[in-house]
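Open the model in your viewer and colour it by secondary structure. The tour starts with the whole chain and then moves to a few helices.

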Amino acid sequence: MRLLLLCLIASICWADPTQILTRRCLSCHNATTRMGKLSLASRTDAERVLSARMLERIEKGEMPPGGGLPVEERDELKSWLDAGAPWEGTLSIRPRADRKWWSLQPIQSRGTSIDQHIETALQAKGLKLSPPADRATLLRRATFDLTGLPPTPAELQSFLADSSKVAYEKLIERLLASSSYGERWGRHWLDVIRYGESHGYEQNHVRPNAWPFRDYVIQAFNRDLPFNRFIQEQLAGDVLAPGEVNVEVATGFLVAGPHDTVGNSNLAATRQQRADDLDDIVNATASAFLGLTVNCARCHDHKFDPIQQADYYRIASIFSGVNHAERSIASATARAAREQEAGPLEVQIKTGKQRLEALTALAQNNRGVAEAAVRSRYRAPVSPFGTEEAIEPTRARFIRITAPQGFPGGLDEIEVFSPEGRNLALAAAIHVSSTRIADGNPNAYHFRHLNDGAFDQRWFPEGNGPAWITIELPTAALIAKAAWSTDRVRAFQGKFQQNTVSIYELAASLDGVSWTTLATNENRLPHRAPELDRLITLEALPSEMRAEFLSVEQTLKTVEAALKKIPTLPVVYAGTWKQPTEPVYLLKGGNVMQRGEAVAPASLSTLVETPLASFSLALDVPEHERRLRFAQWLSDDANPLTPRVIANRLWHYHFGRGIVATPSDFGYNGERPTHPELLDYLAQRLITNGWHLKALHREILLSAAYRQSSTPNATASRIDADSRLLWRFPPQRLQAEALRDSMLSVAGVLNPKVGGPSFRLYNYTVDNVATYFPLDKFGTETYRRSVYAESARSIRNELLSVFDCPDSSLPEPRRVSTTSPLQALSLLNNSFTIDMAEAFTRRLDATTEPQRIQQAFLLAFGRPPEAAELAQSQTLIRTHGMPAFARALFNANEFLYVY
């Protein structure tokens with residue numbers, strides 16, 4: 001009975017102590033290894049050592065080796081043993097990687113070519129490469145692969161006419177030199193690093209100045225920036241090249257992810273928001289460059305990979321000075337030029353404000369008398385809790401309130417009273433200048449809230465400009481008072497105190513045409529404290545000083561207006577830096593309120609057994625040194641992960657599947673490489689070629705493995721159905737952006753503009769939170785490449801999303817490729833598809849119908865139609881018209897897939 005009670009107490013009061021045995025002891029003392037002839041896999045195995053001797057060795061720190069157990073774990077085990085060691089079941093070691101894991105070993109390059117490695121693996125399975133693809137197919141494949149666009153008929157004709165032995169090599173060089181290459185491969189990188197142009201979370205406001213980072217990525221690919229330098233610039237571009245705009249914008253990588261913009265005064269919530277920001281940066285950096293899921297060690301040691309919880313916080317400490325924000329980025333010359341122009345004006349403004357402060361101080365002795373005098377001359381200020389205007393009884397049918405500066409806090413009610421005190425507005429019709437639409441709900445701020453007799457909801461006009469409300473009574477009546485409020489029942493505790501309407505005109509009319517002013521805000525005290533303080537100060541000052549005060553104010557207005565005319569320095573959403581005021585702490589269980597020891601910036605212990613030199617910095621090391629040192633460590637030639645990961649990414653996008661099929665997870669839970677020796681060969685080639693990606697592209701595209709046919713082979717399919725060993729080139733469906741861009745291209749309307757601010761495929765409004773309304777009609781301003789479309793988080797364009805374009809809230813290193821009826825329907829009925837079909841039809845300018853059909857096939861498929869296809873096309877056109885024919889081409893697999 002006593003033992004049963006102790007077991008019950010143990011189950012309630014303690015975390016399962018067998019977890020300590022599993023985590024701390026079982027790697028040596030398991031049922032297989034039985035180190036020291038001891039197994040702790042089950043109670044039966046362990047009964048003979050669950051004794052004072054075991055506890056003695058643990059308390060002395062002899063076990064486990066390396067310093068023993070933490071004090072709290074020792075105490076927990078002692079209590080458990082004292083309770084009779086309640087224990088059921090058998091313990092087992094979770095399968096996991098250690099520091100000998102394949103991806104953590106130094107790169108061992110063997111072999112002389114890509115094809116040697118591919119053919120060796122094929123021969124081991126009794127397979128071989130397929131014959132080479134025909135030249136037209138190869139042109140289409142390489143063009144889409146490197147540029148994301150179809151080849152033009154002229155390019156097809158030129159390539160087929162080139163009979164030289166180096167025609168294909170020349171093609172690859174032309175494509176790599178195209179600006180479209182950076183647009184295509186930059187889009188891949190933006191997927192990997194969770195780039196988005198809105199904050200995400202609840203408010204999800206857009207980041208209008210995030211796009212320069214996107215352009216940086218595209219330009220970096222186009223100029224073949226060495227990938228090791230690419231890494232360094234994205235983590236520490238501001239340190240490497242301060243003032244160089246095209247380098248500093250690279251740090252947009254660090255803040256490319258989601259960020260919660262809702263403030264919080266709660267300590268735990270504030271810490272959690274900050275911890276989540278750092279987690280996003282840690283995850284993005286580790287997964288993109290190292291292919292490791294370091295974020296899985298946020299709450300405890302990684303369950304599958306040799307990543308300590310302390311490793312997570314070492315990396316978090318590196319980025320602890322990074323903050324989400326815009327910052328001005330300009331060259332020293334540009335800054336100096338602006339300072340020369342703006343500096344004197346800023347000095348004038350500073351001097352003027354100091355003089356106003358001095359005059360205000362001189363007025364303090366007479367402030368009490370002055371305030372009383374001011375209040376005696378003015379009416380009460382407007383109030384968000386209710387403002388009234390009593391008027392001489394006036395006969396009217398229409399009553400209008402006009403606000404030249406709008407109704408910034410909205411109104412929850414407007415009332416018009418008869419001399420007897422009856423609210424006539426309750427039975428009136430309401431007309432307004434406009435109504436704001438919030439969260440896609442047209443009723444949220446509807447004008448009916450103005451006269452519903454309740455105060456729980458408000459009307460807001462659209463925008464911040466002039467606005468008006470007209471009350472139309474059923475019949476003309478005498479009115480004696482008007483009243484309105486922003487927060488009548490104080491539900492918002494004065495939140496709108498500073499935002500209620502303060503400048504207004506109340507007018508009346510019998511016919512709605514001729515108006516008579518009844519009242520204005522004239523002679524009311526300012527409702528904002530600064531304006532009231534100014535009025536009292538002027539009253540308190542002697543006449544000479546009052547004149548000086550007004551003169552200084554006027555001068556300030558003139559100088560501030562002049563300063564506004566001077567262009568500001570460009571700002572980019574690329575993060576700001578601040579020396580951390582406190583260290584990063586290891587959080588027990590990931591709980592922000594359970595801080596453990598402080599953790600200094602350092603490299604991952606995961607790679608400590610490799611030739612890569614580790615580093616550890618002081619807790620108070622300058623912020624910029626942390627990022628730079630980590631960037632150098634990531635991009636070191638001796639790092640076994642970084643070159644493998646990026647080489648695998650290139651292979652993944654060229655063949656549709658990486659050598660490691662999980663491009664951002666090279667750990668235990670990731671897939672094993674199909675060709676490990678080939679991966680090391682590619683990684684070493686990357687390093688040998690100075691980390692230039694174009695050299696690796698070139699080698700891959702010139703290989704026989706890439707140039708082979710995609711034709712199926714029944715025998716080979718039975719052995720390797722997915723062609724993971726590459727006995728044929730794997731056909732790939734176009735990614736969503738390439739599909740949209742191809743439609744624009746073959747329709748002849750693609751705008752070739754490179755870079756610059758993003759275009760929108762939605763209408764965007766803000767009312768505390770952002771609201772996005774997908775476009776139904778697309779203007780020519782949207783006919784640019786899809787990489788330049790503003791990518792708001794959680795907002796997906798209908799055509800792009802149905803073809804698996806990912807949301808940018810999370811990294812997407814490997815896109816899914818689904819098949820659904822909606823895809824075919826979108827390529828038939830989507831408004832964009834219809835527009836492109838009509839544009840395609842207008843482009844077909846050949847004389848005869850057969851010639852137009854041939855022209856269409858060459859544009860869409862890169863080949864002329866066969867005789868049967870020509871006849872079928874003519875029948876379709878005669879029955880349904882040329883635009884329907886164009887939509888049919890868009891829906892064809894030959895348009896959608898690369899073979």
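Helices here are DSSP runs of H or I with at least four residues, strands are runs of E with at least two, and both are numbered from the N terminus. Counted this way, the chain of this predicted model has 33 helices and 16 strands.

**Whole chain.** Select everything. Along the principal axes, the C-alpha atoms fill a box of roughly 100 × 95 × 65 Å. Of the 899 residues, 50% are buried. Among contacts with a separation of 6 or more, 73% join residues 24 or more positions apart.

**Surface and charge.** Switch on the surface. About 40,800 Å² is exposed, and carbon and sulfur atoms supply 53% of that area. Next, colour the charged side chains: 99 are positive and 100 are negative, and the centres of the two sets lie 3 Å apart.

**Helices α30 and α31.** Select residues 849–861 for α30 and residues 867–880 for α31. At what angle do their axes cross? The crossing is at roughly 110°, and the axes come within 10 Å. That angle makes α30 roughly perpendicular to α31. Show side chains to see the contact: Glu-849, Pro-850, Ile-853 and Phe-857 of α30 meet residues of α31 including Leu-870, Ser-873 and Ile-877.

**Helices α31 and α32.** Keep α31 and add residues 882–891, which form α32. Here the axes are 7 Å apart, at an angle of about 130°, so the two helices are oblique to each other. From α31, Ser-873, Leu-876, Ile-877 and His-880 make the contact; from α32, Met-882, Ala-884, Phe-885 and Ala-888 do. Ser-873 and Ile-877 of α31 thus appear in the contact with α30 and in the contact with α32.

How values were computed:
Residues numbered from 1 in each chain as written. Predicted model: local features only at pLDDT ≥ 70, side-chain atom pairs only at ≥ 80, totals over all residues. Heavy atoms only, no water. Buried < 20%, exposed > 50% of the residue type's maximum accessible area, 1.4 Å probe, protein only. Contact = heavy atoms within 4.5 Å. Areas by Shrake-Rupley, 256 points an atom, 1.4 Å probe, with all protein chains shown as cover. Lys, Arg positive; Asp, Glu negative; His and termini not counted. Charge placed at Lys NZ, Arg CZ, Asp CG, Glu CD. Axes fitted to C-alpha atoms, helices over the stretch in contact; angles between N-to-C directions. Parallel < 35°, antiparallel > 145°, perpendicular 65-115°, else oblique.
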